[in-house]
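Hi everyone, thanks for coming. Let me put the sequence and the structure up on the screen, and then we can walk through them together.

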Amino acid sequence: MKKIRFLSLILTVSILFSLCVSSAGAFDSEIVSSKTVQAKAAILVDMDTDYVMYDLNAHEKMYPASITKVMTAALTLDAVSEGKLSLDEIITAGPTAWQGLDTSSSNQNIQVGEQMSVKDLLYCLMVASANEAANAVAILVSGSIPDFVDLMNQEAAALGCTNTHFSNANGLQEENHYTCARDLAIITRAAMAYDDFLTICGTAQAEIPATNLSDARTLDTTNYFLAGSTHPEYAYEGAYGVKTGFTKAT
């Protein structure tokens with residue numbers, strides 16, 4: 001069952017969204033409708049026209065889990081584009097980076113006092129799905145996690161999301177932390193406007209240099225549709241992202 005849940009979430013935001021590069025006219029809807037989609041909700045959108053080719057409960061409320069980090073990364077890169085911070089900027093992880101977390105959740109053991117560039121934090125966030133990296137960039141962008149969450153909800157509303165509310169920056173499950181497949185497609189499309197986002201989320205393996213408190217890290221993507229992942233049996237030609245996620249309740 002875990003495999004089915006995992007693949008279902010990937011279908012929502014990874015392979016289905018990556019297929020949107022093809023034109024609507026070239027797509028045969030029977031290819032999808034004739035298959036059994038194991039996801040509770042899914043959407044397939046043409047990126048050029050915004051035409052919805054396939055819709056399965058796309059407006060139904062779902063817990064996004066770590067797919068939340070798409071918004072977290074997008075807002076961080078937005079701050080970079082506005083000149084508020086730099087990808088090469090070195091930051092020091094504070095104690096609030098582990099707020100609400102423990103070592104059983106997805107992490108890269110970024111320690112309090114550890115110094116790392118914004119770019120490397122984003123790789124930890126999107127490739128290895130590190131929750132403490134999400135908190136660290138949230139604090140960097142907005143000064144506090146609650147203020148960053150407010151920014152996430154403001155951005156979701158500005159993008160036209162109608163069934164989304166964020167309660168944290170990492171995706172750990174909370175009752176009031178939800179979205180839907182359609183809104184995730186909108187958020188992901190906005191994030192894909194940043195070249196750095198496409199590069200990072202399309203990376204199967206990344207090398208993070210040694211820091212003041214850690215040896216070098218090798219990050220392996222959680223998205224097995226990417227060529228070069230640790231599970232090549234799932235590789236899908238043409239996939240270039242975006243994010244996976246699951247919680248026990250999904």
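What share of the contacts in the protein with a separation of 6 or more comes from residues 24 or more positions apart? The share is 66%, where contact means heavy atoms within 4.5 Å.

Before going on, a word on where this comes from. This is a predicted model, so to speak of local features we need pLDDT of at least 70, and side-chain atom pairs count only at pLDDT 80 or more, while totals for chains, interfaces and linings use all residues. Residues are numbered from 1 along each chain as its sequence is written, and side-chain values use heavy atoms, with hydrogens and water left out.

Now the overall layout. The protein has eight helices and six strands; these are DSSP runs numbered from the N terminus, with helices being H or I of at least four residues and strands E of at least two. Reading from the N terminus, the order is α-α-β-β-α-β-β-α-α-α-α-α-β-β. Of the 250 residues, 48% count as buried. Buried means under 20% relative accessible area, exposed means over 50%, and partly exposed is in between, with a 1.4 Å probe and protein chains only. The accessible surface comes to about 11,300 Å², and 51% of that belongs to carbon and sulfur atoms; the areas are from the Shrake-Rupley method with a 1.4 Å probe, and for residues only the protein chains shown count as cover.

Let's turn to helix 6, residues 145-159. Its 15 residues should span 21 Å at 1.5 Å a residue, and its end C-alpha atoms are indeed 21 Å apart. The expected span here is 1.5 Å times one less than the number of residues.

Which residues of helix 6 are buried? They are Ile145, Phe148, Val149, Met152, Asn153 and Ala156. These cover an arc of only 145° around the axis, which puts them on the same side of helix 6; the arc is that of the directions from the helix axis to the C-beta atoms. As a reminder, an α-helix has 3.6 residues a turn, so residues three or four places apart point the same way. Helix 3 (69-81) and helix 5 (131-142) are among what covers that buried set. On the face turned away, you'll find the exposed residues Gln154, Ala157 and Ala158.

The two ends of helix 6 are worth a look too. At the N-terminal end, Ser144 acts as a cap, with a side-chain oxygen 3.2 Å from the backbone nitrogen of Asp147. After the helix comes Gly160, with a positive phi near 100°.

Follow the chain into the loop between helix 6 and helix 7 (181-191), and you reach Ala169. Ala169 counts as buried, at 0% relative accessibility. Its C-alpha atom is 7.3 Å from that of Ile145, 24 residues apart along the chain. Ala169 also touches residues including Phe148, Val149 and Met152.

Helix 7 itself is largely enclosed by the rest of the structure, because nine of its 11 residues are buried. Among them are Arg182, Asp183 and Thr188.

Next, Ser129, in the loop between helix 4 (118-126) and helix 5. Ser129 is buried, with a relative accessible area of 5%. Its contacts beyond four places in sequence include Ser66, Lys69, Cys124 and Lys243.

Finally, how many disulfides does a search of the whole structure find? Zero, taking a disulfide as a pair of cysteine sulfur atoms within 2.5 Å. Cys124 counts as buried at 0% relative accessibility, and Cys201 counts as buried at 3%.

How values were computed
Polar contact = N/O pair within 3.5 Å; in protein donor to acceptor, adjacent residues only side chain to side chain.
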